[in-house]
Protein chains: 2
Amino acid sequence: MDGIRNSLDQSLRERALKVVPGGMWGHMNAAALPEGYPQYFARGLGSRLWDVDGNEYVDFMCSWGPILLGHRHPEVDAAAQRQLAQGDCLNGPGEAMVQLAELMVELSGFATWAQFQKNGTDATTTAVTIARAGTGHRKILIARGAYHGAVPWCSPSLVGVTAEDRAHILHYDFNDIESLHRACEAAKGDVAGIIVSAFQHDYGQDQHLPTREFALAARAAADAAGAALIVDDVRAGFRLNLGGSWENLGVKPDLSAYSKCFANGFAIAAVTGNDRFRDATSSIFTTGSFWCSAVSMAAGVATLTALRRDDGIGHMTRMGQMLRDGIAQLAEAHAMPVRQTGPVQMPAILFEDDADHRRGFAFCSAAIGAGVYFHPLHNMFLSVAHTPEDIARALEAADAGFRAARAVSAAHD
Amino acid sequence: MDGIRNSLDQSLRERALKVVPGGMWGHMNAAALPEGYPQYFARGLGSRLWDVDGNEYVDFMCSWGPILLGHRHPEVDAAAQRQLAQGDCLNGPGEAMVQLAELMVELSGFATWAQFQKNGTDATTTAVTIARAGTGHRKILIARGAYHGAVPWCSPSLVGVTAEDRAHILHYDFNDIESLHRACEAAKGDVAGIIVSAFQHDYGQDQHLPTREFALAARAAADAAGAALIVDDVRAGFRLNLGGSWENLGVKPDLSAYSKCFANGFAIAAVTGNDRFRDATSSIFTTGSFWCSAVSMAAGVATLTALRRDDGIGHMTRMGQMLRDGIAQLAEAHAMPVRQTGPVQMPAILFEDDADHRRGFAFCSAAIGAGVYFHPLHNMFLSVAHTPEDIARALEAADAGFRAARAVSAAHD
């Protein structure tokens, strides 16, 4: 990368190194990305994204999920602006909170109520606390390797975490009914909740949809244990099914955790649930300074209204399928086999024979240079703003990516 | 209250009861407030607030702290709008993140870095995790009754909380050096952090500033234990001292947690710290979907810039002193003694002989009817937008409040 392409980005990274530990932290840290990826961004519009140096990208990360309708969606931003012109964070919520709860209940396949937070981690932590309050039990069953947030009870890192933070966590393997039953037995009648991601979307791994048998077994296991079945829909919610990601399977959770995309980038999270856990939800104390702020609520109403009206999920599915088919054709043409897994709206692309990620990183570096923002290890996200032209541009960039992947393979072999 | 005064509020409460457990949750739940308080708000401007029924209030809660310069401050909102017109939540932060970290470090009396979150609880939880990572110790010392957030390790409620969530929490009493030393001894060399509120602001209690002796002892105890001294400045930060609330005392923490007001109502939180904990901060994993969103960062830069330029803290201090003096005169004139405690920018007013809060509630109900939003139990907040005219209106409402408090006292005696 030459100085023109990333000079502002570099200068911001240098300034940040002085006043932010390590220069950056968390999932947006570009240090984990291939060469050529920018750290700092200036703006977004629809399916496009510009870094601080003015480079334009077709965006397949959608801000790691939050952008559902496209960047700066006019209806959502207008709703947010109207609310902002009146007030955002006041001494209590505005009418928009009630409207959003009503809309989420109306859309849901199982929930009769909603409660709002800011982070996905707030939603999963609240759901776990509700499960414990409602059941009087303590153990939480989690799929090995699943991401449910970044606080001590669930963080993927154990640095700064104590053993007691995990004292009541037991593990099972996703889609493995036997392992779920073993975890239930190990809990000895003390299961508060079984938490399960909408589908298996572990970092750097192939994605797996839940089997219907596994979903039914999880429901039955929760019932037998007197526990809550909690679907973590933070990442997938509203990209697979308006009513909740497990509606496709015909299995209804007791509680669901949402965040990321349902206000199209405005900060919000939610727990939704059924009547069995309504009183437990009232019984716990959970709150945050900005959880009732009205702008995100108004944005949420506008986002879900547009998503439903325009069959946004259908559109993302069509565009995602077009991308998947095109990538498969390119992989075959280049004789560079890849595994494309998960729902087409949330694609993961991993190269065969790529344990050191050399091919995936080369693929992505070439694509970013060609103006398309892919991710080599994390699942990606389609938005309603993606067009066939965007997919065509993505496939041109992918073509360059496959050539680069072949080149590093050849150099390495 | 008649139907015109609160009919929309009542109708929203009824709708919410169906789709939100208990109709509302958390610190903004009006069920904990005296008769006549609205639950739902429509807008704010400067020092004023309007509920959904159009009733206007001089606001002394400032959204429970987040409003520092006044509702819809023109410079802050313009900065937020400029950023929103480009993008908010993108694939990484914008330049505003670096600017905000630089400004917070420049203002701080001790910090060389900042890292951002969304909730005050995110900041306190991150600070505790950093302290554990940096020291290799586990125990966290907390003042009995102090509020540091609403998740299991620190929530004021134990519903849905397990014993293990508190396994490494030890208590001391605020301003009690002996109790702090006893807690350190009980930790047997395993103290990771001593967390202490900027001042004691427990719900329903008189407020107490830390003594200089206590602050020095906390610093010395942390040093002796190889632990982090963490000042929880979430509630008080930037209302007492631009450089951190303990700058007044000449005692420097290792880590501080901020949230609430430093983006004037836009959702943000921060941990700031010294070089001793810089590497530990890089070593932990903490993140959130919206933690790098640029609008709150831009609002933070605008808020702190205006606060410093206009000596906002000086103004809040003068207005707060005017309110305190006026309340003291009224209390004497009505022969209804009250205790006014804490910094004048964050006043708490509690009636003598009022264990059942009858007097305080009557006072506040009368005041809300007269168009002034006080709180009977929680500390209140001045903003830079409060004017002498606002204080005069507040004192008129307080006059009605004292009459009402006298009436319920007489009826009760």
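Start with the salt bridges between chain B and chain A, of which this predicted model has four. Select A:Arg15 together with B:Glu95, and you will find one salt bridge, with the closest N and O atoms 3.5 Å apart. Then select A:Glu95 and B:Arg15, whose side chains also meet in a salt bridge, at 3.5 Å from N to O. This pair crosses between chains, running from helix α3 (residues 95-107) of chain A, where A:Glu95 sits, to helix α1 of chain B, which holds B:Arg15. With a relative accessibility of 36%, A:Glu95 counts as partly exposed, and B:Arg15, at 26%, is likewise classed as partly exposed.

Next, widen the selection to the whole interface. Here 98 residues of chain B are in contact with 98 residues of chain A, and the two chains bury about 8,200 Å² between them, with 60% of that area on carbon and sulfur atoms. Polar contacts can be looked for in the same view, since 37 residue pairs across the interface of chain B and chain A, both residues at pLDDT 80 or more, meet the rule. On the side of chain B that touches chain A, the elements that each supply at least two residues include α1 (3-19), α2 (74-84), α3 (95-107) and α4 (120-135), along with the strands β1 (41-45) and β4 (113-117). If you colour chain B by element, look for α3(B), which gives the most to this side, with seven residues. Colouring by residue type instead divides the side of chain B that touches chain A into 47 nonpolar, 34 polar and 17 charged residues.

Now hide chain B and view chain A alone. Its secondary structure comes to eleven helices and 13 strands, and its C-alpha trace spans about 60 × 55 × 45 Å along the principal axes. The radius of gyration of chain A is 22 Å, which agrees with the value near 22 Å for a compact globule of 413 residues. Buried residues make up 67% of those 413, and, among contacts in chain A with a separation of 6 or more, 75% are between residues 24 or more positions apart.

Within chain A, select A:Glu352, which lies in the loop between β12 (348-351) and α10 (358-369). Which residues is A:Glu352 in contact with, leaving aside its neighbours within four places in sequence? They are A:Pro337, A:Val338, A:Arg339 and A:Arg359. With A:Arg339, A:Glu352 forms a salt bridge in which the closest N and O atoms are 3.0 Å apart. Because A:Glu352 lies in the loop and A:Arg339 in strand β11 (residues 338-341), the pair ties together parts that are 13 residues apart in sequence. Both ends are partly exposed: A:Glu352 has a relative accessible area of 28%, and A:Arg339 has a relative accessibility of 27%. For a sense of distance, draw a line from the C-alpha atom of A:Glu352 to that of A:Asp310, which is 42 residues away along the chain and 37 Å away in space.

Move on to helix α11 (residues 388-412) of chain A, where A:Arg403 and A:Asp399 are four residues apart and therefore separated by about one helical turn. Their side chains meet in a salt bridge, 3.0 Å from N to O. A:Arg403 is partly exposed at 47% relative accessible area, and A:Asp399 is partly exposed at 25%.

As a last stop, select A:Arg48, A:Glu56, A:Glu389, A:Asp390 and A:Arg393, which are linked in a network of salt bridges. To place these stops in context, show every salt bridge at once: the structure holds 42 over all chains.

Technical notes
Residues are numbered from 1 along each chain as its sequence is written. Chains are lettered from A and ligands numbered from 1 in the order in which they are written. This is a predicted model: local features need pLDDT of at least 70, side-chain atom pairs count only at pLDDT 80 or more; totals for chains, interfaces and linings use all residues. Side-chain values use heavy atoms; hydrogens and water are left out. Contact means heavy atoms within 4.5 Å. Buried area is the accessible area (1.4 Å probe) that two parts lose on being put together, summed over both. A polar contact is a pair of N or O atoms within 3.5 Å; within protein, one must be able to donate a hydrogen and the other to accept it, and residues adjacent in sequence count only if both atoms are side-chain atoms. Ala, Val, Leu, Ile, Met, Phe, Trp, Tyr, Cys and Pro count as nonpolar, Asp, Glu, Lys and Arg as charged, and the others, Gly among them, as polar. The radius of gyration is taken over C-alpha atoms; the globule rule is 2.2 Å times the number of residues to the power 0.38. Buried means under 20% relative accessible area, exposed over 50%, partly exposed in between (1.4 Å probe, protein chains only).
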